[in-house]
Amino acid sequence: MVAALGLTIKNLRNIQCEKLEARSKHYLVRMGLFKILNLASDINVTEHDPAGRFIPIAQIRTSDELTKFITEMIPLLHLESEQAKTIGYIVSELVRNVIEHANTENGALLCAQYYKKSNAIRIGIADTGIGIKTTINQSYAAQNDLQAIQLALSPGITGTTRREGGTAQNAGAGLFFIKSIASVNRDFFVVYSGSGFYKLLKKPLTSRVSLNADPFKDRHSREDDMPFWQGTAVGVDITLDQTKEFSLLLDAIRKTYSTAVRERRKARYKRARFI
Amino acid sequence: MKHIMIFDQAGEFAENKDVARDIRLQEIIPALDKNEEVILDFEKVGAATQSFIHALISDVLRNYGNEVLERMAFKSCNDTIKKIINIVVDYMQEGLGLEKENDVI
């Protein structure tokens, strides 16, 4: 988010960096924060190969840049095939959302970190675009940012049209799929846009996993008065040894998705008038 | 019959919606308009996103109706890709009030 915000400054030379005392300063260097903002840093680090451990901050502005990123970067995380598929899927859908809907020339800022102890990968994607509410309200009437996030996480809801099935290029399913992946794997998933904040909470291993079309029916926390973020930030944690077969997850998604569309159709049925 | 190899244009991970759109507009629709059968062949494609499959076939279903599934088949799909195709075919038919099942071979 800091990198995304920094890139909105027209002349990067106007960014001044105070001497960092934080213990995380070396981490910020290795993740490429100073490099992407073209800032000199007096913090010295010994750079080891990031392969298998993290993906430094990358800026992705076009569809072709995204394809190149997925082809070249995801293999560097040294994942098993099934896990690589899941991570590639998440990155593709989230970054394409930014490219298509955020309306920002700076595109998406993305980084990822592998945590050995928990065997998890944490992915963060941020943009400084128009935000979810503006996008969704091209076709809906969300009252606030949180309501817009709720709509965006529901299957089949897209800002590009109210028509069921979406447009030729958009179905309104991307974020629902990502939330479903996180939900089935019992992982964290966070969306922050404008003043709205939604966090899918980790589910205990003992609880039954079910998918909900309405994100507010999942175990979650939410805020509608966060400090305003112009744009959208999404964070996903994927615990690798819990990653369910993607194929099994799709069965649950198919069922939930169809039910949600059917219920929306039913809600539009006209009622018989009895007088 | 029009036989389209998805791998040749989309690669091992089919996720680029622009590529899907180009296949739809430049290959699928012209073939259907000529009353040809279309085979979408996913051989060597390991994974595909829902967005890719949506951009590939949703507008075809919307414009030609679900009868188009009798003229369009999906070949060499792994289980995951089959399921994603089924999700898109399902929600398009639910949304359009259509009833036919798709043909995954």
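In what order do the strands of the open sheet of chain B lie, and with which pairing? In this predicted model, the sheet has three strands in the order E1-E3-E5, and the pairing is parallel. Strand E1 (2–5) and strand E5 (72–75) of chain B form the edges, each pairing on one side only. On average, neighbouring strands of this sheet are turned by 20° against each other, direction ignored.

A look at one strand pair adds some detail. E1(B) pairs with strand E3 (residues 38–41) of chain B in the parallel sense, over four bridges. B:Ile4 offers a handy place to start when viewing this pair: its bridge partner in E3(B) is B:Leu40. Helix H2 (residues 17–33) of chain B lies across both E1 and E3 of chain B, and H2 runs at about 160° to E1(B).

Stepping back to the whole of chain B, the secondary structure amounts to four helices and five strands. Read from the N terminus, these elements follow one another as β-α-β-α-β-β-α-β-α. The C-alpha trace of chain B spans about 35 × 25 × 25 Å along its principal axes. A compact globule of 105 residues would have a radius of gyration near 13 Å, and the 12 Å of chain B agrees with this. Of the 105 residues in chain B, 49% count as buried. Contacts that reach far along the sequence are well represented: among those in chain B between residues at least 6 apart, 83% join residues at least 24 apart.

Chain B also touches chain A, and the contact takes 29 residues from chain A and 27 residues from chain B. On the chain A side, the elements that give two or more residues are helix H4 (63–73), helix H5 (81–102), H8 and helix H9 (246–267). The largest share of this side, 10 residues, comes from H9(A). By residue type, the side of chain A that touches chain B divides into 11 nonpolar, 11 polar and seven charged residues.

One residue of chain A can be described more closely. A:Val184 lies in helix H8 (residues 174–184) of chain A. Is this residue buried or exposed? A:Val184 counts as buried because 21 C-beta neighbours lie inside 10 Å, where the cut-off for burial is 20 or more. The C-alpha atoms of A:Val184 and A:Cys111 are separated by 23 Å, and the two residues are 73 residues apart along the chain.

Methods
Residues numbered from 1 in each chain as written. Chains lettered and ligands numbered in written order. Predicted model: local features only at pLDDT ≥ 70, side-chain atom pairs only at ≥ 80, totals over all residues. Rg over C-alpha atoms; globule rule 2.2 N^0.38 Å. Buried ≥ 20, exposed ≤ 12 C-beta atoms within 10 Å, placed from the backbone. Contact = placed C-beta atoms within 7 Å. Pairing = 2+ DSSP bridges. Axes fitted to C-alpha atoms, helices over the stretch in contact; angles between N-to-C directions. Nonpolar A, V, L, I, M, F, W, Y, C, P; charged D, E, K, R; others polar.
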